[in-house]
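Subject: Handing over a structure for you to look at

Dear colleague,

I am passing on a structure that I would like you to open beside this message. Please look through it once on your own before reading my notes underneath.

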Amino acid sequence: MSKHTAGIHHITAFVRNAQETVDFYSGVLGLRLVKKTINFDAPEVYHLYFGDEKGSPGTIITFFPWAHSRQGRVGAGQVGITTYVVPVGAMAFWKERLERFDIQVTEATRFGEQLLQFEDKDGLKLEIVEREQGPQSEWSFGGVPAGKAIKGFGGALLYSAAPEKTATLLEQVMGLTKEGENGGYVRFRATGDLGNVIDVNTTLVANGIGGAGTVHHIAWRAKDDADHTQWREHVLQNGFQATPIIDRQYFNAIYFREAGGILFEIATDPPGFARDEAPDSLGEKLMLPEWFEPRRADIEANLDPIEVRVLEGDRS
Ligand code: ZN
């Protein structure tokens with residue numbers, strides 16, 4: 001069986017504070033909070049999803065904010081840097097914006113592309129790249145007009161503890177195409193137009209430690225349930241221990257850990273975030289799967305209220 005993923009479906013990371021996370025990803029980066037729910041395995045913790053106006057696959061970053069989390073360390077066995085893509089010509093806007101919000105930015109280059117690198121409040125490593133590819137966002141918020149807005153993921157830089165094995169997996173199992181090697185990284189490309197450029201380290205980096213400021217897993221796209229079932233077979237046939245299919249409400253998921261230590265998920269594009277809320281009111285209410293509804297009052301009482309708000313720096 002030969003399979004190809006279109007690219008990244010979502011990336012999930014650990015942070016400490018829910019409101020700070022909303023202020024950073026919606027307030028500063030201008031992403032839409034498309035779903036406010038709970039960690040289905042730990043209902044005392046939020047699960048927050050940010051993306052484009054619809055929460056399209058390839059744009060979604062999700063967080064488990066947990067105040068008592070230890071500080072993690074970004075390193076081998078994790079996604080090292082999450083890459084966001086903006087329209088060509090928008091980089092100067094973003095540099096000025098991030099600096100205005102006192103976020104330290106560093107300019108870097110990889111495979112000839114200019115990058116603006118920075119961290120969120122917990123130390124999660126992010127970068128912005130300009131590319132033509134990918135539809136322009138239709139979402140504008142605070143000081144971020146749609147024409148400058150983040151389109152979604154450009155891709156990710158993976159820090160593998162076994163780079164050659166991870167490279168083989170990306171090419172031979174996930175169906176990405178190898179593009180080249182440069183400056184200590186090998187680049188792969190998937191067929192989608194967002195979340196499609198994946199770089200892997202070729203030299204070893206120190207091991208990562210899970211915790212706040214690190215990515216928990218990276219999820220790849222499956223077209224639908226039939227494709228997802230095939231993906232599970234395909235992953236098993238290639239010697240990986242995949243979980244059974246798990247219902248995550250907004251997609252179905254399987255998980256497996258690859259040889260370089262990074263937790264991979266494969267997630268279905270449907271049903272998406274309009275499954276339980278109208279498209280124009282995504283993210284406004286705390287949404288619970290029906291098996292948690294009887295406990296709603298307790299669950300809500302346990303969570304600090306959060307709001308999507310225009311930040312001080314965008315109000316004047
Ligand atoms: Zn996931």
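What follows is a description of what was found, going from the whole protein to a few single residues.

Please keep in mind throughout that this is a predicted model. The secondary structure amounts to five helices and 16 strands, and the C-alpha atoms occupy a box of roughly 45 × 45 × 35 Å along the principal axes. For a compact globule of 316 residues one would expect a radius of gyration near 20 Å, and the 18 Å found for this protein agrees with that. Of the 316 residues, 58% count as buried, and among contacts with a separation of 6 or more, 68% are between residues 24 or more positions apart. The protein exposes about 13,300 Å², of which carbon and sulfur atoms supply 48%. As for charge, there are 32 positive and 44 negative side chains, and the centres of these two sets lie 2 Å apart.

Helix α2, which covers residues 91-100, is a good place to look next, since you can ask which of its residues are buried. They are Met-91, Phe-93, Trp-94, Arg-97 and Leu-98. Seen down the helix axis, these buried residues fall within an arc of 150°, and therefore they line one face of α2. The elements that they pack against are α1 (18-28), β5 (78-86), β7 (113-119) and β8 (125-130).

Just after α2 comes Asp-102, whose phi is positive, at about 60°, although this residue is something other than glycine. Asp-102 sits in the loop between α2 and β6 (106-110), and it is exposed, with a relative accessible area of 73%. Gln-249 likewise is not a glycine and has a positive phi, of about 70°, and its place is in the loop between β14 (246-247) and β15 (252-257). Is Gln-249 buried or exposed? With a relative accessible area of 8%, Gln-249 is buried.

Leu-170 belongs to helix α3 (residues 163-173) and is buried, its relative accessible area being 0%. Leaving aside neighbours within four places in sequence, Leu-170 is in contact with several residues, including Leu-158, Phe-188, Trp-220 and Phe-264. Ala-190 is 20 residues from Leu-170 along the chain, and their C-alpha atoms are separated by 9.3 Å.

Finally, the peptide bond from Pro-270 to Pro-271 is cis, with omega near 5°, and Pro-271 is found in the loop between β16 (263-268) and α5 (296-302).

With best wishes

How values were computed. Residues numbered from 1 in each chain as written. Predicted model: local features only at pLDDT ≥ 70, side-chain atom pairs only at ≥ 80, totals over all residues. Heavy atoms only, no water. Buried < 20%, exposed > 50% of the residue type's maximum accessible area, 1.4 Å probe, protein only. Helix = DSSP H or I, 4+ residues; strand = E, 2+ residues; numbered from the N terminus. Arc of directions from axis to C-beta. Contact = heavy atoms within 4.5 Å. Rg over C-alpha atoms; globule rule 2.2 N^0.38 Å. Areas by Shrake-Rupley, 256 points an atom, 1.4 Å probe, with all protein chains shown as cover. Lys, Arg positive; Asp, Glu negative; His and termini not counted. Charge placed at Lys NZ, Arg CZ, Asp CG, Glu CD.
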